[in-house]
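Visitor: I'm new here, so please keep it simple. Take me in for a close look at the contacts between chains, and follow them wherever they lead.

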Protein chains: 4
Amino acid sequence: MLKYAMIGGGPGAFVGSVHRNALALNGDAKLVAGCFSRDLEKTRAIGAELGLAEDRLYATPEEMARLEAGDVDFAVIVTSNEAHYPSVKTCLANGIHVMCDKPFTVTSAQAEELVGMARDSELVLAVTYTYAGYPMVRQAREMIERGDLGEIRFVNCEYPQGWLAEMLETTGHTQATWRADPKRSGGVLSLGDVGTHVEYLVPFVTGLNLTRLAARLDTLVEGRLLDDNGTILTEYDTGARGMYWYSQAATGCVNELKLRIYGDKGGLEWFQEDPDHLHYTPIGQPKQTIVRGAPEMLPGAMAYSHTPAGHPEGWLQAFANIYTAFCATIEHGAAPDFPTGEDGLRGVRFIEACVESSRNGTSWIDF
Amino acid sequence: MLKYAMIGGGPGAFVGSVHRNALALNGDAKLVAGCFSRDLEKTRAIGAELGLAEDRLYATPEEMARLEAGDVDFAVIVTSNEAHYPSVKTCLANGIHVMCDKPFTVTSAQAEELVGMARDSELVLAVTYTYAGYPMVRQAREMIERGDLGEIRFVNCEYPQGWLAEMLETTGHTQATWRADPKRSGGVLSLGDVGTHVEYLVPFVTGLNLTRLAARLDTLVEGRLLDDNGTILTEYDTGARGMYWYSQAATGCVNELKLRIYGDKGGLEWFQEDPDHLHYTPIGQPKQTIVRGAPEMLPGAMAYSHTPAGHPEGWLQAFANIYTAFCATIEHGAAPDFPTGEDGLRGVRFIEACVESSRNGTSWIDF
Amino acid sequence: MLKYAMIGGGPGAFVGSVHRNALALNGDAKLVAGCFSRDLEKTRAIGAELGLAEDRLYATPEEMARLEAGDVDFAVIVTSNEAHYPSVKTCLANGIHVMCDKPFTVTSAQAEELVGMARDSELVLAVTYTYAGYPMVRQAREMIERGDLGEIRFVNCEYPQGWLAEMLETTGHTQATWRADPKRSGGVLSLGDVGTHVEYLVPFVTGLNLTRLAARLDTLVEGRLLDDNGTILTEYDTGARGMYWYSQAATGCVNELKLRIYGDKGGLEWFQEDPDHLHYTPIGQPKQTIVRGAPEMLPGAMAYSHTPAGHPEGWLQAFANIYTAFCATIEHGAAPDFPTGEDGLRGVRFIEACVESSRNGTSWIDF
Amino acid sequence: MLKYAMIGGGPGAFVGSVHRNALALNGDAKLVAGCFSRDLEKTRAIGAELGLAEDRLYATPEEMARLEAGDVDFAVIVTSNEAHYPSVKTCLANGIHVMCDKPFTVTSAQAEELVGMARDSELVLAVTYTYAGYPMVRQAREMIERGDLGEIRFVNCEYPQGWLAEMLETTGHTQATWRADPKRSGGVLSLGDVGTHVEYLVPFVTGLNLTRLAARLDTLVEGRLLDDNGTILTEYDTGARGMYWYSQAATGCVNELKLRIYGDKGGLEWFQEDPDHLHYTPIGQPKQTIVRGAPEMLPGAMAYSHTPAGHPEGWLQAFANIYTAFCATIEHGAAPDFPTGEDGLRGVRFIEACVESSRNGTSWIDF
């Protein structure tokens with residue numbers, strides 16, 4: 001079993017425990033070291049709770065990377081956004097493979113540097129675009145690859161949430177506070193937090209490459225400093241077109257990522273809150289509901305399905321699937337079947353392009 | 001009971017029978033005269049089927065309007081788009097109230113002229129934006145009026161259909177052929193056919209006035225001459241923002257008009273294919289499903305609800321509700337509670353603005 | 001156009017206007033006479049509202065039947081249950097075809113007598129089991145007829161409502177009061193009101209004939225005199241089995257009639273609150289959603305579909321479809337494609353068998 | 001961290017890996033020993049794959065229990081049904097706590113003996129009625145406890161599956177073969193496999209105690225030796241009534257466990273295939289959808305919710321919740337918050353009562 005260290009994921013940061021549980025679920029790797037917080041006392045408290053040895057709890061990522069080099073297989077970076085870059089860098093510099101949360105970095109220059117470092121040192125660098133881990137997202141991808149939809153003409157991907165419909169960032173809410181703080185989140189709020197999931201998911205599933213975009217970023221909640229909503233028109237290399245909508249101020253929405261794809265032979269629809277079902281309509285025929293685990297699953301997707309049809313799998317299983325693929329690459333050199341540093345870099349460039357377009361009155365930006 | 005004449009609605013034009021059934025449903029008016037086709041023989045055949053007197057079947061709208069003036073209360077115009085203008089004009093010129101199908105006219109100059117004629121002659125001029133007739137659309141409108149959503153921040157209205165995902169216009173398909181013909185439809189295809197419903201519905205429900213838009217019209221199906229898909233970014237007088245998406249090439253979609261509205265106190269969602277339910281989430285509380293006919297219906301909406309909760313009403317009932325309000329204005333001078341000629345004019349201006357924006361690279365157009 | 005008279009359907013009895021609107025919708029027949037209430041003043045008030053001639057408003061059904069014989073084609077009986085029998089009888093005795101609301105009569109002896117009268121005098125006698133008028137119910141029937149489900153093994157039909165979860169019958173509520181009164185409803189409450197719909201629908205769709213049943217009728221609301229809930233185990237001539245559940249005390253349910261049928265080649269599911277969709281699963285394949293109006297509709301069902309796919313039809317259209325078939329038989333001698341007096345008789349026998357079984361401790365009763 | 005051994009769960013028995021993953025998910029316990037098959041070679045192969053020490057892989061449960069006594073905290077029994085009894089017995093006899101799959105035993109005498117052994121030796125004995133581990137099932141239970149539904153009047157719990165709509169047991173299908181074999185499953189097929197989940201769930205959520213039942217067990221698939229479908233009428237200590245339906249021959253159903261509860265103040269509905277949502281209708285008000293993780297969650301349920309609202313949890317999380325509570329009792333003496341041996345015993349008695357009732361023509365059996 002692989003061994004890993006974690007950077008970030010301290011108290012109040014639920015995402016740390018999500019990564020740990022995802023890694024435990026399939027027995028992929030064992031946590032052995034950590035720097036969970038900028039505050040060593042907090043790191044020690046969490047380390048004790050998790051049963052880690054005291055001498056493997058560190059004050060800084062740099063110290064940890066230096067001393068754990070050779071003793072851990074990879075590091076998981078789950079800090080706030082602005083701290084991703086130095087954390088990833090120190091790990092790579094010490095020869096440690098890295099899984100980093102998204103959005104990858106604050107600037108594309110940072111991302112380019114990290115991607116270059118990983119490439120030069122032949123280290124595995126991955127980014128947790130979790131939704132790519134859902135079996136039915138994989139099923140959609142495989143169906144499109146084998147031509148079930150024909151040529152894709154239009155993609156509509158939306159990701160509305162509602163939890164920031166109130167000004168939580170002034171109430172002491174941990175998650176909201178750093179995300180809404182321009183210094184800590186990296187210049188955008190919801191575009192980084194949810195919009196980048198959309199950016200990753202569309203080409204992952206469709207194989208389309210984005211060539212142009214025009215974006216309007218909105219701040220719907222008065223007093224907020226960054227975007228909490230946005231609409232993006234897209235064009236792809238094949239001539240296909242699309243539109244993205246993301247929001248964290250869509251009052252009443254929970255976590256409503258939805259992907260709809262229309263081709264000349266059929267249409268597909270997938271909804272994250274009901275992740276085990278994929279809705280497929282071959283042109284001129286009735287809509288079909290493909291269930292995770294059912295015989296019509298294609299082999300690549302089926303490999304990521306663990307429980308029988310009708311026994312729901314959830315978000316954590318999607319997370320675990322990303323990690324299982326990541327660990328397989330580290331351990332056996334399996335072909336990467338997870339979001340890579342290059343994908344993370346493209347996500348940061350997407351953010352920068354959207355910001356530029358929006359500042360210029362929704363002008364078209366080549367991508 | 002009022003008496004009416006019909007222009008258009010001949011063989012293959014299902015919408016004629018829809019208007020007739022809608023008028024019959026609530027016993028609002030009786031059909032007494034018609035010019036159903038450019039071909040008098042066809043008009044006579046339909047007239048015979050409908051039990052009309054032979055001498056009240058006419059070769060041209062002009063003849064009918066002249067000879068029926070005083071004998072019919074109103075005329076229903078259900079021709080192809082380009083024939084709306086002359087048909088409405090001749091009716092108004094002869095003192096006949098008019099209900100016209102949408103999109104109202106081909107140019108806004110035509111629409112302005114007709115609106116002016118109606119105003120000057122104190123005639124009732126209405127346009128069948130049917131979806132405003134659904135009781136739960138009315139319920140949404142009343143809930144917003146009384147403040148259930150607080151200040152509206154964002155509106156997402158989409159209307160995808162899939163029936164034009166194939167090149168039906170070259171197969172002899174009646175509906176597709178005239179709609180896709182630039183000469184008969186008036187310069188746009190799907191924007192007129194479904195996009196205008198979106199344009200009407202949003203201000204009807206929210207009370208917001210559109211001030212700016214930026215549009216991209218797409219032709220997704222190869223060989224088609226006009227738009228079959230489009231995305232429109234919007235801004236309103238209150239500062240609220242929105243986005244519209246319409247399509248007739250969304251493979252596998254049926255008639256999926258959906259309206260979502262987000263305010264600072266709550267969110268609303270309504271879906272045309274399940275028209276008897278309205279989904280309302282007060283901020284911080286569970287989502288509620290309001291059922292047509294249930295006690296929580298507000299009085300204005302309830303007045304348009306005819307069957308008990310759980311006994312579905314449909315599209316024809318929405319149609320009939322528009323006509324009931326229209327007839328009440330003609331018969332009793334009731335305040336107009338239906339889409340008017342002014343609304344139709346605004347819809348044509350919307351089309352023109354979208355076309356201009358799209359031609360100019362999705363530039364912002366004041367509205 | 002046929003002419004008809006109505007018995008019952010006075011103030012507070014919404015079902016009268018439903019029948020009238022259903023008959024108007026497709027232009028099947030024109031109301032010309034009525035005895036809407038036991039109180040002639042009320043009948044006159046309603047008649048005036050409906051534009052009937054004063055001399056065609058009657059104090060009693062008997063008087064009306066006698067004086068309208070030859071002048072009306074049929075009568076519609078929408079009184080409370082116990083008055084069905086004398087009203088139908090007087091109409092048949094005067095040579096008037098009859099459409100009667102359900103449950104048909106209070107005793108099976110009454111029903112037998114009426115069925116015999118109609119047969120002897122070659123009159124059309126029908127009963128408004130409305131749900132058989134839905135196009136997708138027809139589609140299910142045709143799919144089963146042509147073998148899509150193979151041999152049927154099990155049927156689950158349920159019809160829960162919640163409006164009688166409170167003791168409305170002691171609050172002056174018109175609908176509840178007569179239904180819950182043993183003298184006026186005929187010995188059962190919900191079994192007659194909703195349970196009989198289940199009894200009719202199952203053989204209509206499946207072609208199965210009930211051979212045995214075991215029932216438990218419940219009174220869930222304290223103080224109520226009759227059943228408001230019941231469960232019935234069934235067996236059919238082919239060896240297939242089934243279960244029915246009906247309720248009017250299922251708190252929170254609206255009008256949730258659901259039919260599920262399982263055969264050795266496939267399964268079907270239909271839900272009355274979403275009547276335009278039929279869910280079909282061929283064994284070993286994905287579930288399909290068949291939409292009313294779509295190409296996969298079979299011809300018999302399609303003949304009852306009026307608006308394009310995605311433009312919802314509702315309960316009133318189902319009602320109108322029953323009437324259209326009824327009128328076609330009267331007018332053109334078309335083969336009866338509607339629920340007949342025999343069906344009504346079978347429904348009353350079903351009620352009697354259920355009551356007997358329930359009194360005998362859920363014993364099995366041959367049917 | 002606790003240590004455990006596993007009995008059963010060999011190749012083809014997917015449930016073994018489910019239990020192992022569920023125990024890994026929350027880090028509750030570590031697998032250290034196993035007797036996965038009657039065939040030691042198979043046990044060794046699986047043990048090697050799971051990284052167990054060779055000397056902790058055993059030929060028989062008895063040997064394992066004897067040699068591991070004191071070295072493991074508990075044993076997990078996931079054999080076919082008929083082997084539960086001896087496996088549990090040998091573990092308890094050696095002082096090892098036990099988690100056993102359901103149905104608990106073949107006869108109630110066996111279950112009584114095991115429950116007595118556990119009581120006498122103060123060992124924890126639990127049964128994996130998984131569905132009780134879902135947070136929204138807990139939420140329903142707490143809402144009922146605090147009176148949100150008032151007095152419960154009727155319960156409808158159904159559990160249809162369709163995977164045995166074909167004669168899989170003669171095709172070599174592992175899961176089907178032992179379940180459908182009277183010798184290995186213990187006299188019933190689907191009643192044990194899915195019916196017992198219904199039996200457990202209803203009192204768990206409602207607090208009602210079953211006092212009488214009348215059952216009809218069906219064999220819908222020709223050639224099958226045991227039941228694959230059944231309907232059960234129930235009565236409870238408070239006078240409330242209910243009905244259960246279970247099936248594994250409901251063609252097209254996946255895993256459609258649904259629980260509906262009707263009280264005098266409200267109704268609740270929960271569907272296993274959409275486990276994160278609970279539908280609640282307070283009498284006279286709109287239906288509400290309560291989402292797992294949302295503020296309206298009650299504390300007991302919230303304690304079992306791990307990921308934020310809108311990030312779906314699934315079946316494995318429910319499983320893990322059962323284990324977390326089980327381990328808390330073993331480790332800290334926490335009050336048992338999981339299905340116990342007594343619950344398992346009641347389930348076996350339920351099976352026996354249903355079989356007896358069905359043999360006697362659906363007669364009423366006191367429970």
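Guide: First, a term we'll lean on: two residues are in contact if their C-beta atoms, placed from the backbone, lie within 7 Å. Bear in mind that this is a predicted model, where local features need pLDDT of at least 70 and side-chain atom pairs count only at pLDDT 80 or more, while totals for chains, interfaces and linings use all residues. Residues are numbered from 1 along each chain as its sequence is written, and chains are lettered from A and ligands numbered from 1 in the order in which they are written.

Let's start with chains C and D: 32 residues of chain C are in contact with 33 residues of chain D. On the chain C side, at least two residues each come from strand 6 (152-160), strand 7 (210-218), strand 8 (229-236), strand 9 (241-247), strand 10 (258-263) and strand 11 (266-271). Helices (H or I, at least four residues) and strands (E, at least two) are DSSP runs, numbered from the N terminus. Strand 9 of chain C gives the most, with four residues. By class, this side of chain C has 13 nonpolar, 13 polar and six charged residues. Here Ala, Val, Leu, Ile, Met, Phe, Trp, Tyr, Cys and Pro count as nonpolar, Asp, Glu, Lys and Arg as charged, and the others, Gly among them, as polar.

Now move over to chains B and C, where 23 residues of chain B are in contact with 23 of chain C. On chain B, helix 1 (14-25) and helix 11 (315-332) are the elements giving two or more residues to that side, and helix 1 gives the most, with five. The chain B side holds 12 nonpolar, eight polar and three charged residues.

How do these two chains relate? Turn chain B by 180 degrees, with 0.0 Å of shift along the axis, and it superposes on chain C with an RMSD of 0.0 Å. Copies are superposed by least squares on the C-alpha atoms of residues with pLDDT of at least 70 in both. The two copies are thus related as by a two-fold rotation axis. Both use the same surface, too: 100% of the contact residues of chain B recur in chain C.

Finally, a peek inside chain B: an open sheet of five strands runs in the order 2-1-3-4-5, with parallel pairing. Strands pair if DSSP finds at least two bridges between them. Six bridges join strand 1 (residues 2-8) of chain B to strand 2 of chain B, and B:Lys3 has B:Lys30 in strand 2 as its bridge partner.
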